Amino acid sequence: ERITRELFELLVDEEKLVSRAAFTALIDLVEFFDAPYRREHFYPIIKSYITSPPEEVLSLLVDEFGRFLWKIKTDIQGAEDVTLFANFYRQSAQKSDPEVRRLCAFNLPAVVASLPLSVFPTHLTQVQRALAVDSHPPTRRAIAAGMHELCTLLGDRAAFFLKDSFIALIQDTSIEV
């Protein structure tokens, strides 16, 4: 408890390296907490950050979001929690900061793997399509790089959900993409 309390205080440290290190340490420690401790102590704090992320930690949350979500996926219970995390991801992907959008594109396969597949059509399809035609080439490249993982995760529905994005990406004029 003392460690997590200290790490949560460090999350809002004005020095970005400190806040990033604290968040990374929290993610690395998640598996050492038993499920009841995570649900009672760790999860409420994370939910408060996801509900109203301080601007100074937004890029940090987005950067580690996929790995973090994967580690806590067993703690996400009920439609309310699923919607909370899906909405955070969707809203982050719509930010004006191109680096935040690139990080969202990079994390999409982990988000899809961590949330129920029923969330993809309702919350993630439009995000994926928007990121595939994003004005920032590194964002489009990140979506293109994860397309094979999305195909595996979506199974026989992949063609339905990914066809338009795949066509847009394959015709992209940027060599980087």
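**Exercise 1.** In this predicted model, is D28 buried, partly exposed or exposed?

*Solution.* Start with the cut-offs: buried means under 20% relative accessible area, and exposed means over 50%. D28 has a relative accessible area of 35%, so D28 counts as partly exposed. Now try R67 in the same way: its value is 31%, and R67 is partly exposed too.

**Exercise 2.** Find out which parts of the chain the salt bridge between D28 and R67 ties together.

*Solution.* First look at the side chains, which meet with N and O 2.8 Å apart. Next, place the two residues: D28 sits in helix α2 (residues 16-29) and R67 in helix α4 (residues 55-72), so the bridge ties together parts 39 residues apart in sequence.

**Exercise 3.** Work out where R38 and D75 lie, and whether they are buried or exposed.

*Solution.* Begin with the contact: R38 and D75 form a salt bridge whose closest N and O atoms are 2.6 Å apart. R38 belongs to helix α3 (residues 35-51), while D75 is in the loop between α4 and α5, 37 residues away. Finally, check the cover: both R38 and D75 are buried.

**Exercise 4.** How does the radius of gyration of the protein chain agree with that of a compact globule?

*Solution.* Take the expected value first: with 177 residues, a compact globule would come near 16 Å. Then compare the chain, which has 17 Å, in agreement with that value. To complete your picture, count the elements: there are nine helices and zero strands.

Notes:
Residues are numbered from 1 along each chain as its sequence is written. This is a predicted model: local features need pLDDT of at least 70, side-chain atom pairs count only at pLDDT 80 or more; totals for chains, interfaces and linings use all residues. Side-chain values use heavy atoms; hydrogens and water are left out. Helices (H or I, at least four residues) and strands (E, at least two) are DSSP runs, numbered from the N terminus. The radius of gyration is taken over C-alpha atoms; the globule rule is 2.2 Å times the number of residues to the power 0.38. A salt bridge is a side-chain nitrogen of Lys or Arg within 4 Å of a carboxyl oxygen of Asp or Glu. Buried means under 20% relative accessible area, exposed over 50%, partly exposed in between (1.4 Å probe, protein chains only).
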